[in-house]
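Open your viewer, find the tool for selecting residues by number, and get ready for a short walk. At each stop you will select a few residues and see what is there.

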Amino acid sequence: SNIDASVPPCQDFYSFACGGWLRRHGIPEDKLSYGIISAIGEQNTLKLQKLLMQPIRRTHTHSAERKVKAFYRSCINIHDIDRLGAGPMLEVIDSCGGWDLSSAPPPGAGWERASGAAWPDFNEMLFRTQGLYSTSVFFSLTVNVDDKNSSRNAIRIDQEGLTLPERTLYLGQDEDSVKVILPTHTHTHVYTHT
């Protein structure tokens, strides 16, 4: 059905092989490209969403089905996400001694807890954000094929980019951008540890 038999294959093989597909599928406005792989991916995503929204049948505590469905539902529960805001991450930061490194002891002290005061614990923050929550903070740590020897893997440490998906979200003044940026600015005082 993807072939266009009206096109002679020796003159334009691409149109012959893909003409039927091209007639039935334009590139959607929200995409840069679109093909059979994209279409299959969209179909699979819809099927997965449908499966994840079905009632949980295996309800025991260690059930993988229960865990994955509960996790998925927590990710799409916009009401609870908006209600919680930055709270969960602020709790992590606060439990690591806060965010204000300017009042930390001199570099040799290592940011440990000194004299009973809770100093920012950088190692603990990295462990929690990257180890427990799989969020890259300050730098990313990945394992990839070694550029110099493709028969082995190498650990890669790289600078981390913007945490929001695109730069314009930091600069935009439209309603959506302000909604994303404002919580960060209004909670800045929570990060400071005195």
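The tour goes through aromatic rings, cysteines, charged pairs and, at the end, two strands. Before you start, keep in mind that this is a predicted model.

**Stop 1: aromatic rings**

How many aromatic pairs does the structure hold? There are two aromatic pairs to find. Select Phe 13 and Phe 16 to begin: their ring centres are 6.0 Å apart and the planes meet at 45°, so this pair is tilted. Both residues belong to helix α1, which covers residues 13-24. Phe 13 and Phe 16 are three residues apart there, about one helical turn. Turn on the surface and look at Phe 13, which is exposed, with a relative accessible area of 54%.

Now select Trp 21 and Tyr 34. These rings form a stacked pair, with 6.1 Å from centre to centre and 15° between the planes. Follow the backbone from one to the other: Trp 21 sits in helix α1, while Tyr 34 is in the loop between α1 and α2 (36-53). They are 13 residues apart, and the pair links distant parts of the chain. Is Trp 21 buried or exposed? Its relative accessibility is 11%, and because buried means under 20%, Trp 21 counts as buried.

**Stop 2: cysteines**

Next, select Cys 10 and Cys 18. Cys 10 is exposed, at 83% relative accessibility, whereas Cys 18 is partly exposed, with a relative accessible area of 24%. How many disulfides are there in the model? The count is zero.

**Stop 3: charged pairs**

Side chains of opposite charge can pair when their charged atoms come close. In this model the count of salt bridges is eight, and you will visit some of them here.

Select Asp 30 and Lys 31. They form a salt bridge in which the closest N and O atoms are 3.7 Å apart. Asp 30 is exposed at 63% relative accessibility, and Lys 31 is partly exposed at 28%.

Move along to Lys 69 and Glu 65. The closest N and O atoms of this salt bridge are 2.8 Å apart. Both residues lie in helix α3 (residues 64-76), four residues apart, or about one turn of the helix. Switch the surface on again and look for them: Lys 69 is buried, with a relative accessible area of 7%, and Glu 65 is buried too, with 12%.

Then select Arg 83 and Asp 80, whose side chains meet in a salt bridge of 3.3 Å, N to O. Their home is helix α4 (residues 78-84), where they are three residues apart, about one turn of the helix. Arg 83 counts as exposed at 55% relative accessibility, and Asp 80 counts as partly exposed at 26%.

Finish this stop by adding Glu 42 to your earlier selection of Asp 30 and Lys 31. Salt bridges that share partners join Asp 30, Lys 31 and Glu 42 into one network.

**Stop 4: two strands**

For the last view, switch to a cartoon and select residues 139-145, which are strand β1. Add strand β2, residues 153-159. In which sense do β1 and β2 pair? They pair in the antiparallel sense, over seven bridges. To see one of the matches, select Ser 140 and its bridge partner in β2, Asp 158. Of the seven residues of β2, the number buried is zero, so this strand lies largely in the open.

Key
Residues numbered from 1 in each chain as written. Predicted model: local features only at pLDDT ≥ 70, side-chain atom pairs only at ≥ 80, totals over all residues. Heavy atoms only, no water. Phe/Tyr/Trp six-rings, centres within 6.5 Å; stacked < 30°, edge-to-face > 60°. Buried < 20%, exposed > 50% of the residue type's maximum accessible area, 1.4 Å probe, protein only. Disulfide = S-S within 2.5 Å. Salt bridge = Lys/Arg side-chain N within 4 Å of Asp/Glu carboxyl O. Pairing = 2+ DSSP bridges.
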